[in-house]
Amino acid sequence: MQGIETVSARTVEEAAKRLAGVVTRTPLEPNERLSARVDARVWLKREDLQTVRSYKIRGAYNFIVQLDAEHRERGVVCASAGNHAQGVAYACRRLGADGRVYVPGTTPRQKRERIATLGGSHIEVIVVGETYEDAFTAAKQDAERTGATLVPAFDAPETVAGQGTVAMEVVAQLGFVPDVMVVPVGGGGLLAGIAAWAAERAPEMRIVGVEPAGAACMAAALAAGEPVRLEAVDTFVDGAAVALAGSVTYPLVRDGGVELTDVAEGAICTEMLSMYQSDGVIAEPAGALATAALGKTVKIDPGQIVVCVVSGGNNDVSRYGEVLERSLIHEGLKHYFLVGFPQEPGALRRFLDEVLGPDDDITRFEYVKRNSRETGPALIGVELARPGDLEGLLHRLEASPLQVERVEPGSPLFHFLV
């Protein structure tokens, strides 16, 4: 394969020609809820409505379509949290190439099933490890062993150029350059592609990359002056849970004049729920990154024209219980306590009457009676009607004769519960 060495406006525009008729020109929709939040004109670039429900098809297809006959015959391999693999699967089936995709165990079942469906007989799905890096290591070893071509999820100029077509499409749809574009960031492929194209074609546009707080690898790279591996990664935002920024994407982001920020996973969950309930948009966690940060860690001037990229909609409905839980905790509405109840009749009734407020709700109660002790421990989850109700609850707990220990967010037990 004769690959390109760097990414420029020209290579992005050439990628757009290859993608014509293959990818969907996704809608660019105004959003009243977000516009009201920041007193500006906010548009959503709906890549969740893309051919494979994410923008990843743009880079995967642009990479694979440029392979010569010999490399296609050897097949391809890739590592992915799910979305890139779907793009590879779709491209393989369309181009008649065979491939193997490696995904970590945290990849939702919905994404795994979609990969198999999109690729058909051309794709084999292999689950390995718990992180994207585990899957990438396995895919790289496969390529070295078999001679197959590794299709990077973000760290290749061909992939980055394909992702950058999102920006030129937005400008074409608007008919002008927006003031701000807010972009989700994992390994940096989408952000790097947009920055490379905009540097030449829309230098006046402010570009902001948003990372999950538990996987801010690009910010770590910029701080260190080179890509550095994060010691720990929160895998909840599976589409952006990357521990090491790319060697191709990092310099493009560094030199692209972009801003970087991050947003807490709980805030992402709250935004996912708002998008579903208010906008009718089913976004995966990474798809809600840009809008979650809007007006919070990303400040917008009144009246500006802002485009937020909704990067994907491959969300497993079975995860909504966890999404709601994380959102309630982030909003200060859900709290956990270990309570030692005296082993006597009426103890629980007194707790309900004397400690709980009128609008407090017990959402979890696990009680273990120990006959050898005078008290029995119970794990209690309490949902409040308002964040401000916590002070009164804590005061009543302190004033009661019960033995109480609050399960603090970030503690080992808390991570076990959520």
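This passage describes the salt bridges of a predicted model. Side chains of opposite charge can pair when their charged atoms come close. In the present model, 26 salt bridges are counted.

One of these joins Glu29 and Arg46, whose side chains lie 2.8 Å apart, N to O. The contact connects distant parts of the chain, as Glu29 belongs to strand 1 (residues 28–30) and Arg46 to strand 2 (residues 41–46), with the two positions 17 residues apart in numbering. The partners differ in burial: Glu29 is partly exposed, with a relative accessible area of 27%, whereas Arg46 has a value of 8% and is therefore buried, the limit for that class being under 20%.

A salt bridge is also formed by the side chains of Arg58 and Glu47, at an N to O distance of 2.9 Å. Here helix 3 (residues 56–64), which holds Arg58, is linked to the loop between strand 2 and helix 3, where Glu47 is found; the two residues are eleven residues apart. Both Arg58 and Glu47 are buried.

Asp234 and Arg326 form a further side-chain salt bridge, at 3.8 Å from N to O. This pair again links distant parts of the chain, 92 residues apart: Asp234 lies in the loop between helix 10 (217–224) and helix 11 (249–254), and Arg326 lies in helix 14 (residues 320–330). Asp234 is partly exposed, its relative accessible area being 25%, while Arg326 counts as buried because its relative accessibility is 16%.

Salt bridges are also joined into a network, which comprises Arg33, Arg37, Glu271 and Asp279.

Terms used: Residues numbered from 1 in each chain as written. Predicted model: local features only at pLDDT ≥ 70, side-chain atom pairs only at ≥ 80, totals over all residues. Heavy atoms only, no water. Salt bridge = Lys/Arg side-chain N within 4 Å of Asp/Glu carboxyl O. Helix = DSSP H or I, 4+ residues; strand = E, 2+ residues; numbered from the N terminus. Buried < 20%, exposed > 50% of the residue type's maximum accessible area, 1.4 Å probe, protein only.
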